[in-house]
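Work through the exercises below with the sequence and the structure open beside the text. Try each task before reading its solution.

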Amino acid sequence: MTDDNHGRNIPDQLPDRGREPHRIRDFFSVPAPVKRVFDRFPLVTYPSNELPHCAWPKRHGNRLFVFTDAEGARRGRPSFNPQCLKWQAYLRFVGIDFELVPSNNHASPSGVLPFLLPALPVGTSAPIPSGKLQKWAIEEVHCEEEQQLNLRFEVYSSLLDNRIRNAWLYHLYLNRENFEAVARRLYVDPSTADPIVRTVLASQLQQAARDELLKSSPYIDASALEAEAAEAFEALSTLLGENIHFFNRPNPGLFDASVFAFTHLILDSKMGWKYNRLEQLLSQHGNLVQHRDRLLKFF
Amino acid sequence: MVLELHVWGPGFSLPSIDPQCLATIAYFSLLVPRDSWTLVASSDPTISPTQELPALKNGSTWVSRFRNIVDYLRQYSNGAWDLDRDLSALEKADNVAFSSFVEARAQALIDLSLYVTSQNYYSATSPAYGAILQWPNQWILPTQLHSAAKSRTESLGLSSLDLEAVREQQKRDHSADVAAGRIPQNFIRRPRETVSSLLGKTSQQHQFRLEALAGELFEPLEDLLGDKTHMLSAKAPSSLDCLAIGYLSLALVPELPHTWLRDLMLRKAPRLSQYIERMRRELYGIVNVSDAFTNDGQSSLPWQAPERARLATIGSTLLNTLADSTPILKDIRVNNRLRETAESADSGLSETEGQALSAYTKLQGKDTLISIATVVGGFAALVGYMVHIGVFSAPEAEAEEEENEFAIPESVDAGDFLGSLRAQG
C-alpha cells in the first residue's frame with residue numbers, strides 16, 4: 001500500500017481533519033537516515049560531578065584569584081600575569097592581607113582575572129572584580145586615591161595600558177620562540193593534558209592577542225611596537241627620575257604596582273624568555289631596574 | 001625630490017577625515033616648506049605597501065603612520081625637520097606620554113561620535129566618505145571603517161549610541177516575550193528611538209559614562225595647555241600639538257546632527273577648544289572637497305589631484321573584496337599580502353622590520369593550514385561515522401529502504417495515527 005492509496009481512500013471514511021496531521025507528519029518527521037543516527041545515540045544521564053576538592057581549606061581571609069601555580073600561591077610569589085601582578089602588588093603595598101588562589105579566566109565571574117573574595121562581611125559571596133579592587137582597598141585601609149593627586153597619573157598610565165601592553169602581547173604570544181617557551185608552559189599546559197585541547201587553546205590565545213593588536217593598526221609591525229615600548233620606558237624613566245617611588249610618594253602605590261607588573265616580568269629570569277628585546281630596552285634605564293628591585297622585597 | 005603625502009580625503013571642511021592624517025598634515029605645514037611636498041587625497045589604503053594611510057612616498061620609499069613619518073622626516077633632513085628638537089628631557093617624556101594618551105582616548109571618543117552614533121554616521125560621516133571615494137570603494141570602505149570603529153569601542157559598553165544594536169536587542173527581547181506568550185503579537189509596538197531619547201531617558205548612566213570619558217581626556221590636556229601658547233612649551237609647537245590638533249579638530253569642527261562631543265569639549269575645556277580652533281584655521285584653512293581634486297594652487301595646502309582609478313584597479317578592488325569576504329580564503333589572502341610587503345626589497349621597511357613581518361606571516365600561515373585541516377578533518381570524521389553507522393548503504397539495499405519509508409510507521413508518534421488509518425483502509 002502506498003501513500004497515494006491512503007489519499008484516495010480516506011476522504012470517504014474520515015472527516016477532512018484526518019488529513020492534516022498526516023501532512024504535518026510529513027513536514028516534521030525526521031528523515032530516516034538522520035533518525036537512524038539518533039536512534040543509536042545512547043541517552044544516558046550521568047550523575048552531576050562532585051564539586052572540586054578544595055585544596056585551600058577555608059580560612060577566614062581575603063582570597064585573591066590569580067594566574068599562578070600551587071607553589072607560587074603558597075609562598076605568595078608574584079603572579080606571572082601582568083594584570084594579576086599589578087593588583088597583587090598594589091594590595092601588598094597598601095598593606096592588605098590576602099591569600100593567593102591559583103585560578104584561570106574560566107573560573108572568574110567576569111571572565112577576567114584577578115578577582116577577590118573578601119573575608120568580611122562574613123558569609124558574603126560577592127566577588128570583587130579587578131576594576132573595583134582599588135575602591136574596595138580604599139574603603140578597607142583608607143589609602144589615597146592616587147589618580148586625584150596628579151594629573152599625569154592617567155596620562156602616563158596610558159603608556160602602560162597601550163604601548164607597553166601591546167609590545168608585551170606581541171612579545172609573549174606572537175613571538176614564536178617565546179610563545180613555545182613561556183606562554184605555552186604558563187597558560188596552556190597547566191589547563192589540560194589533552195594535546196588536542198592544548199593546540200586549540202594555544203591558537204585561541206594567539207588569535208586573541210592578534211585581534212587585540214589589529215584593532216589599533218591594519219597590520220602588526222613588531223619593530224614599531226618595540227620602538228614605541230622603548231619610548232615609553234624612556235618617558236617612565238624620566239618621570240621617576242631620582243625618586244624612590246613614582247610621583248615622589250613616600251610609599252609605593254597603584255602606579256608603582258602597574259609599572260612593577262611589567263618591569264618585574266620582563267626582567268625576571270625565571271620566566272625563561274627566549275627572545276627578550278624588551279629587557280634590552282628596559283635595562284638602559286637604571287632607575288627603572290632599581291625601582292623593580294626595591295619593590296621585589298615586598299614579596 | 002618632492003615628498004608625496006597620501007591621505008584620506010577632505011571632509012567636514014577639514015583637509016582629511018582621519019585624525020592621523022590630519023596630524024600629519026599639521027606637522028608638514030608647520031615644518032616643511034610648501035614647495036617640498038604635495039598632498040594627495042588618494043583615500044585608498046591599498047596604494048601603500050603597509051595598507052594604511054597616512055603614507056609618505058619619496059621616490060620608491062613608503063613610510064606610513066604619523067610616528068614613523070615624523071622619524072623619517074628627521075632622518076631625511078638630517079635633523080633639520082624636527083619639531084621636538086628643542087624639548088627638555090621632561091618635556092620629551094610628557095610629549096610621549098600625552099601623545100599616547102591622546103591617540104588612545106581621543107580615538108575612542110571620535111569613534112563614538114562619528115561612527116557609533118548612528119544618526120551622525122548615516123547623515124554626516126557616510127556621505128562625507130561618499131564625496132571623496134571613487135566607485136566601488138565608496139560602497140566598501142565606509143562599511144569596513146564603521147565596523148572597525150564599533151569593534152574598537154565595544155569594550156566601553158556604550159552601545160546605546162548605536163541604534164542598530166539597540167534595535168536588534170529590542171527585537172530579541174520582543175521575540176523572547178512573544179515566544180513566552182507574555183505579549184500578544186498585535187500589541188507589539190515598534191518605538192522609534194533617537195539618540196537623544198535614548199540618552200535622555202533610558203540610559204542616563206551612559207550619559208554619565210560619556211561625560212566621564214570626555215572629562216578624562218579633556219581635563220589633563222586643558223591643564224597642560226594652561227595659559228601657554230602651545231601645549232608643551234611657550235616657544236614653538238611640538239609633535240604633540242599636531243596630534244592634538246588632528247584628533248581634537250575632528251571632535252570640535254564637524255557639523256553633526258548630534259553634537260554631544262563638541263558640547264562636552266566646549267564645556268570641559270574652553271581654552272583648549274579655542275586653541276584648537278585657532279590652530280586649525282591657521283594650518284588648514286577651510287577646505288572644500290573640490291580643492292583636493294583640482295590643481296589650481298589657490299588653497300592654503302599644496303593639493304595635488306589623485307590619479308583617476310583605472311579599470312584594472314577597479315576590477316582588482318572588486319575581486320579583492322569578494323575574496324576578502326570568503327572565510328578561509330580571507331585568511332590566506334591577508335597573509336599573502338603581508339608576505340609580499342615583507343619580501344619585496346623596495347617596500348620601505350628596514351631589514352629587521354622585514355624579518356619580523358615575514359616571521360609573523362609564516363606564523364599566521366600555519367594557523368590557516370590548521371583551520372583548513374580542522375574543517376576537512378571534521379567533515380571526514382562525520383562522513384566516516386555516517387558510513388560506519390550505515391546511513392549510506394549499498395545501492396541494492398536502497399530500494400528496500402525506500403519501501404520501508406513508505407511503509408513508515410515504525411516509532412514516530414504520528415505513525416500510530418497512520419496505523420489506525422490503515423486499519424480502517
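**Exercise 1. A residue with positive phi in chain A**

Task: Find where Phe247(A) lies, state its phi, and decide whether Phe247(A) is buried, partly exposed or exposed.

Solution. Step 1: Phe247(A) sits in the loop that runs between H10 and helix H11 (254-267) of chain A. The model is predicted, so local features are read only where pLDDT is at least 70.
Step 2: The phi of Phe247(A) is near 60°, which is positive although the residue is not glycine.
Step 3: A buried residue needs 20 or more other C-beta atoms within 10 Å, and an exposed one has 12 or fewer. Phe247(A) has 16 C-beta neighbours inside 10 Å and therefore counts as partly exposed.

**Exercise 2. A residue with positive phi in chain B**

Task: Carry out the three steps for Asn78(B): its place, its phi and its exposure class.

Solution. Step 1: The loop between helix H2 (66-76) and helix H3 (89-116) of chain B holds Asn78(B).
Step 2: Asn78(B) is not glycine, yet its phi is positive, near 55°.
Step 3: Asn78(B) counts as exposed because it has 8 C-beta neighbours inside 10 Å.

**Exercise 3. Two cis peptide bonds**

Task: Locate the cis peptide bond from Leu113(A) to Pro114(A) and the one that joins Leu53(B) and Pro54(B).

Solution. Step 1: In chain A, the bond from Leu113(A) to Pro114(A) has omega near -5°. Pro114(A) belongs to the loop between E2 and E3 of chain A.
Step 2: In chain B, omega is about 0° for the bond between Leu53(B) and Pro54(B). Pro54(B) is placed in the loop between strand E2 (37-40) and strand E3 (55-58) of chain B.

**Exercise 4. The sheet of chain A**

Task: Give the strand order of the four-stranded open sheet in chain A and name its edge strands.

Solution. Step 1: The order is E2-E1-E3-E4, and the pairing is mixed.
Step 2: An edge strand pairs on one side only; here these are strand E2 (99-102) and strand E4 (128-129) of chain A.
Step 3: Strand E3 (residues 115-117) of chain A pairs with E4(A) in the antiparallel sense, over two bridges. Leu116(A) is opposite Ile128(A), a residue of E4(A).

**Exercise 5. Two helices in contact**

Task: Describe how helix H10 (residues 222-240) and helix H13 (residues 286-296) of chain A pack.

Solution. Step 1: The two helix axes are 8 Å apart, and the angle between them is about 70°.
Step 2: Angles of 65 to 115 degrees count as roughly perpendicular. H10(A) and H13(A) are therefore roughly perpendicular to each other.
Step 3: H10(A) contributes Phe233(A), Leu236(A), Ser237(A) and Leu240(A) to the contact, while H13(A) contributes Asn287(A), Leu288(A) and His291(A).
Step 4: Sorted by class, the residues of this contact between H10(A) and H13(A) are four nonpolar, three polar and no charged.

**Exercise 6. Two residues of chain A, Leu236(A) and Gln134(A)**

Task: State the helix that holds Leu236(A) and the helix that holds Gln134(A), then classify the exposure of Leu236(A) and of Gln134(A).

Solution. Step 1: Leu236(A) is part of helix H10 of chain A. Leu236(A) counts as buried because it has 26 C-beta neighbours inside 10 Å.
Step 2: Leaving out residues up to four places away in sequence, Leu236(A) touches Tyr156(A), Leu159(A), Val259(A) and Leu288(A). From C-alpha to C-alpha, Leu236(A) and His285(A) are 9.3 Å apart in space, with their positions 49 residues apart in sequence.
Step 3: Gln134(A) lies in helix H6 (residues 133-141) of chain A. Its count is 19 C-beta neighbours inside 10 Å, so Gln134(A) is partly exposed.
Step 4: Gln134(A) and Gln207(A) are 73 residues apart in sequence, and their C-alpha atoms are 31 Å apart.

**Exercise 7. The two domains of chain A**

Task: Give the bounds of the two domains and describe the contact from the side of domain 1 of chain A.

Solution. Step 1: Chain A divides into domain 1 (63-141) and domain 2 (147-296). Their C-alpha centres are 20 Å apart.
Step 2: Domain 1 of chain A gives eleven residues to the contact and domain 2 of chain A gives 18 residues.
Step 3: On the side of domain 1, the largest share, six residues, comes from helix H5 (residues 82-94) of chain A.
Step 4: That side of domain 1 has seven nonpolar, two polar and two charged residues.

Terms used: Residues are numbered from 1 along each chain as its sequence is written. Chains are lettered from A and ligands numbered from 1 in the order in which they are written. This is a predicted model: local features need pLDDT of at least 70, side-chain atom pairs count only at pLDDT 80 or more; totals for chains, interfaces and linings use all residues. Axes are lines fitted to C-alpha atoms, for helices over the stretch in contact, and angles run from 0 to 180 degrees between N-to-C directions. Angles under 35 degrees count as roughly parallel, over 145 as roughly antiparallel, 65 to 115 as roughly perpendicular and the rest as oblique. Two residues are in contact if their C-beta atoms, placed from the backbone, lie within 7 Å. Ala, Val, Leu, Ile, Met, Phe, Trp, Tyr, Cys and Pro count as nonpolar, Asp, Glu, Lys and Arg as charged, and the others, Gly among them, as polar. Two strands pair if DSSP finds at least two bridges between them. Domain bounds come from an automatic or database domain assignment.
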